[in-house]
Amino acid sequence: MLRLTPVSGGVQFPVRIQPRASSSGVVGVHGDALKVRVTAPPVDGSANEMLVKVLATTFGVPAKAITILSGATSRTKLVRVEGVTLDDVSRVVDELAE
C-alpha cells in the first residue's frame, strides 16, 4: 500500500525509480512506494529530471510543483507534489491497478 502523507498544499510519498527502462511512466506500487520507470540513466541527475517530468505529466501539475525531498542519489526517493490531494494521488494509483 502506497504511503501517502498530506502536507500543506500537496502530498508527499516515496517513489521507487527504475532508470534505463525501455519506456517511461508510472507503473504501480512497489512496497509502500510509487514505482516509476524512466529511460534516462542515473548520471548527472538526468534520471531525477525525467522522474520530475513523468510525475508532473501523471498528476497534471507543472514540473516546478514536484520536489525531491530526499534520496536524490538513491533509487528510493521521497517526493512532494504540490497542487494535488490525497484523493488525486489515490485515483491515479487505482487507475494503474485496473
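These are my notebook entries on strands, a helix, backbone angles and salt bridges in a predicted model.

**Entry 1: strand β2**

I began with β2, residues 10-18, and looked up how much of the strand is covered. Seven of its nine residues are buried, so I noted β2 as mostly covered under the cut-off of 20% relative accessible area.

I then listed the pairings of β2. Strand β1, residues 5-7, runs antiparallel to β2 and is joined to it by three bridges. Within this pair, Val7 has Gly10 as its bridge partner. I checked the connection as well: β1 and β2 make a hairpin, and two residues lie between the strands. Gly9 sits in that turn with a positive phi of about 85 degrees.

Strand β6, residues 76-82, is also antiparallel to β2, with seven bridges between them. Here I found Gly10 opposite Glu82 of β6. Gly10 therefore appears twice in my list, as I read it under the pairing rule: as the partner of Val7 and opposite Glu82.

The pairing with β4, residues 33-37, is parallel and has four bridges. At this pairing Gln18 of β2 stands opposite Arg37 of β4.

**Entry 2: Gln12**

Is Gln12, a residue of strand β2, buried or exposed? Gln12 has a relative accessible area of 19%, and the cut-off for buried is under 20%, so Gln12 counts as buried.

I looked up what surrounds the residue. With neighbours within four places in sequence set aside, Gln12 is in contact with Arg3, Leu4, Thr5, Val7, Leu69, Leu78, Val79 and Arg80. Two of these names, Arg3 and Arg80, come back under salt bridges below.

**Entry 3: helix α2**

Next I checked the length of α2, residues 86-97. The helix has twelve residues, and at 1.5 Å a residue the expected span is 16 Å. The C-alpha atoms at its ends are 17 Å apart, which agrees.

Which residues of α2 are buried? I found Val89, Val92 and Val93 to be buried. Their arc around the axis is only 95 degrees, so they lie on the same side of α2. Asp87, Glu95 and Ala97 are exposed on the other side of the helix.

I also looked up what the buried residues of α2 pack against. The list is β2, β3 (25-30), β4 and α1 (46-59).

**Entry 4: positive phi outside glycine**

I searched for residues other than glycine with a positive phi. Most residues other than glycine have a negative phi. I noted two cases with the opposite sign, Arg20 and Asp44.

Arg20 has a phi near 55 degrees and lies in the loop between β2 and β3. Its relative accessibility is 58%, so I recorded Arg20 as exposed.

Asp44 has a phi of about 55 degrees and belongs to the loop between β4 and α1. With a relative accessible area of 76%, Asp44 is exposed.

**Entry 5: salt bridges**

How many salt bridges does the structure hold? I counted three. Side chains of opposite charge can pair when their charged atoms come close.

The pair Asp32 and Arg3 has an N to O distance of 2.6 Å. This pair links distant parts of the chain, 29 residues apart. Asp32 is in the loop between β3 and β4, and Arg3 is in the segment before β1. Both accessibilities fall in the partly exposed range: 32% for Asp32 and 44% for Arg3.

The pair Glu82 and Arg80 has an N to O distance of 3.7 Å. Glu82 is partly exposed at 35% relative accessibility, and Arg80 is partly exposed at 21%. I had met Glu82 before, opposite Gly10, and Arg80 among the contacts of Gln12.

The pair Arg91 and Asp88 has its closest N and O atoms 3.3 Å apart. Both residues belong to α2 and are three residues apart, about one turn of the helix. Arg91 has a relative accessible area of 46% and is partly exposed. Asp88, at 24%, is also partly exposed.

Key: Residues numbered from 1 in each chain as written. Predicted model: local features only at pLDDT ≥ 70, side-chain atom pairs only at ≥ 80, totals over all residues. Heavy atoms only, no water. Buried < 20%, exposed > 50% of the residue type's maximum accessible area, 1.4 Å probe, protein only. Expected span 1.5 Å × (residues − 1). Arc of directions from axis to C-beta. Contact = heavy atoms within 4.5 Å. Salt bridge = Lys/Arg side-chain N within 4 Å of Asp/Glu carboxyl O.
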